[in-house]
Amino acid sequence: MTRTALSNGLGCCPRCQKINKMQSEKQQCSRCAHWFYSRKPNSLQHTLAWTVTSLVLFIPANIYPMMTLHTFGKTEASTILQGIATFIQTGHYPIAFIIFIASFIIPLGKIIGLFFLVYHVKHRSNMSLKRQSHLFHIVENIGPWSMLDVFVVVVMASVVNLGFISNIEVSLGASYFALMVIATLMAAHSFDSRLLWDNNNNKEQTHE
Amino acid sequence: MTVSLPTDTLAACQRCDTLVNLPDISNHQKALCPCCNTVLHSPKKHTLDKTLAISFAGLLLLIPATVMPLMGIYAAGQYNQASLLTCIVLLANEGFYFIAFCVFIFAIAVPAVRLFTAFYLTFCLKYASKKPHLIVFFRSYHLLNNWAMIHVFFLGIIVSLYKLVDIADIAIGTGITSIILLLMCSTMLSITLDHRFIWQQLEQNND
């Protein structure tokens with residue numbers, strides 16, 4: 001029954017993991033002086049807000065071009081999807097696959113996964129808690145990889161800088177994309193996975 | 001205000017808040033949460049020495065990784081090369097301040113702060129006197145843990161190399177080698193650093 005730190009009136013400092021006695025809702029860690037709550041306040045609202053933000057930013061990130069290529073007076077702008085299509089046409093399947101995973105599947109998967117987790121904190125589900133916790137672990141850790149395309153564009157833009165012959169410039173889409181990635185990182189960061197388990201513990205108690 | 005609790009042996013899982021009495025485990029063993037299998041504690045052998053060595057190596061590598069050219073390109077008799085630092089300067093010159101800021105933070109600043117924190121902490125714990133501000137340093141280390149993206153940047157370099165190889169002649173610079181080594185250092189840092197041990201050391205000093 002009294003398994004969690006919260007139900008024992010204790011709290012674990014998120015920075016140094018020291019167990020503190022919670023004298024009030026907000027507690028200063030006795031070891032590292034970090035102020036913390038036993039559960040992140042308004043965690044679900046913050047997560048939802050950041051997730052919706054990233055979903056909105058996902059649209060301009062894909063509509064606007066990521067980079068512009070100037071060769072001998074010709075100008076060619078390409079979005080993420082156009083870039084992937086070019087790779088498939090030229091037969092670079094592994095690279096097309098990596099870019100597609102990193103800049104399309106991961107952000108969308110993260111957004112869907114977070115919506116799913118927020119929903120399951122509120123509602124009963126068939127998925128086991130271990131699975132849900134595992135899902136959150138994945139969502140939390142794959143986040144930075146979606147920054148890949150921005151870094152590729154940045155490196156390309158600074159290397160291919162040969163004036164009239166060939167010149168690559170970063171475009172507006174890259175800024176939106178970077179913002180979107182940061183929003184998904186913040187969303188995962190503001191989600192408190194302990195809420196998933198709390199919900200289950202409450203259910204157990206009411207059953208008993 | 002101090003309430004006597006057996007808090008030294010108690011631990012709570014960060015993921016599911018399960019309260020666990022940590023068993024006495026030896027090196028190369030791990031304490032897992034009985035509820036969700038998250039690693040609660042894994043003591044490391046010679047954590048101070050190893051971390052000190054690795055973080056010092058990482059700090060030294062940080063300089064060539066930022067300043068030395070990553071790659072160069074030959075096309076139509078012209079040559080151009082770029083390093084991590086020139087990437088950022090170029091972006092800022094073109095007016096993409098936000099992306100320049102992102103690259104600077106994620107690829108240089110966060111890894112640098114992490115390495116410096118680890119180096120300074122282990123150095124002070126091993127040789128110098130323990131100072132209370134070390135706690136602030138180690139707290140910042142935990143805060144920045146999820147924001148280092150040097151591994152993603154490295155994959156970005158590989159992908160753009162692959163892209164450019166078809167178009168033009170490419171020369172690989174020393175910057176890439178330094179970034180690979182830096183990446184190894186920052187990965188090994190998270191393996192060798194025993195958080196629980198260091199926090200306990202810091203706490204003893206505080207009392």
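Guide: In what follows, Lys and Arg count as positive and Asp and Glu as negative, while His and the chain ends are not counted. A charge is placed at NZ of Lys, CZ of Arg, CG of Asp or CD of Glu. The model is predicted: local features need pLDDT of at least 70 and side-chain atom pairs count only at pLDDT 80 or more, whereas totals for chains, interfaces and linings use all residues. Residues are numbered from 1 along each chain as its sequence is written, chains are lettered from A and ligands numbered from 1 in the order in which they are written, and side-chain values use heavy atoms, with hydrogens and water left out.

Visitor: How far apart do the centres of the positive and negative side chains of chain B lie?

Guide: Chain B carries 12 positive and 10 negative side chains. The distance between the centres of these two sets is 4 Å.

Visitor: How far apart are the mean positions of the charges of chain A?

Guide: In chain A there are 16 positive and 9 negative charges. Between their mean positions the distance is 9 Å.

Visitor: What is the radius of gyration of chain A?

Guide: Chain A has seven helices and seven strands (DSSP runs numbered from the N terminus, helices being H or I of at least four residues and strands E of at least two). The globule rule, 2.2 Å times the number of residues to the power 0.38, gives 17 Å for the 208 residues of chain A. The chain is well over that value, so it is more spread out than a compact globule. Taken over C-alpha atoms, the radius of gyration of chain A is 22 Å.

Visitor: In what order do the elements of chain B run from the N terminus on?

Guide: Chain B contains seven helices and seven strands. From the N terminus on, their order is β-β-β-β-α-β-β-α-α-α-α-β-α-α.

Visitor: What percentage of the residues of chain B count as buried?

Guide: A residue is buried under 20% relative accessible area, exposed over 50% and partly exposed in between, with a 1.4 Å probe and protein chains only. Chain B has 207 residues. The buried portion of them is 51%.

Visitor: Which helix supplies the largest share of the largest nonpolar core?

Guide: A nonpolar core is a set of buried Ala, Val, Leu, Ile, Met, Phe, Trp, Tyr and Cys residues joined through side-chain atoms within 4.5 Å. The largest one has 99 residues, and those with the most contacts inside it are Met147(A), Ile99(B), Val103(B), Phe153(B) and Leu202(B). The largest share, 14 residues, comes from residues 97-126 of chain B, which form helix α3.

Visitor: Which residues of chain A is Phe153(B) in contact with, leaving aside its neighbours within four places in sequence?

Guide: Contact means heavy atoms within 4.5 Å. In chain B, Phe153(B) touches Leu70(B), Leu84(B), Val103(B), Ala107(B) and Ile179(B), its neighbours within four places in sequence left aside. On the same terms, its contacts in chain A are Phe151(A) and Val155(A).

Visitor: Is Ser133(A) buried or exposed?

Guide: Ser133(A) sits in helix α4 (residues 129-142) of chain A. Beyond its neighbours within four places in sequence, it is in contact with Leu196(A), Trp197(A), Arg15(B) and Cys36(B). Because its relative accessible area is 3%, Ser133(A) is buried.

Visitor: Where in chain A is Asn42(A) found?

Guide: Asn42(A) has a positive phi of about 50° although it is not a glycine. It has 47% relative accessibility and therefore counts as partly exposed. Its place is the loop between β4 (35-37) and α1 (43-63).

Visitor: Does His46(B) count as buried or exposed?

Guide: The loop between β4 (39-41) and α1 (47-67) of chain B holds His46(B). This residue, although not a glycine, has a positive phi of about 45°. Its relative accessibility is 53%, so His46(B) counts as exposed.

Visitor: How far apart in space are Ile167(B) and Leu144(B), C-alpha to C-alpha?

Guide: Ile167(B) belongs to helix α5 (residues 150-167) of chain B, and at 64% relative accessibility it counts as exposed. Leu144(B) is 23 residues from it in sequence. From C-alpha to C-alpha, the two are separated by 38 Å.

Visitor: What distance separates the C-alpha atoms of Met184(B) and His195(B)?

Guide: Met184(B) is part of helix α6 (residues 174-192) of chain B and, at 46% relative accessibility, counts as partly exposed. His195(B) lies eleven residues from it along the chain. Their C-alpha atoms are separated by 19 Å.
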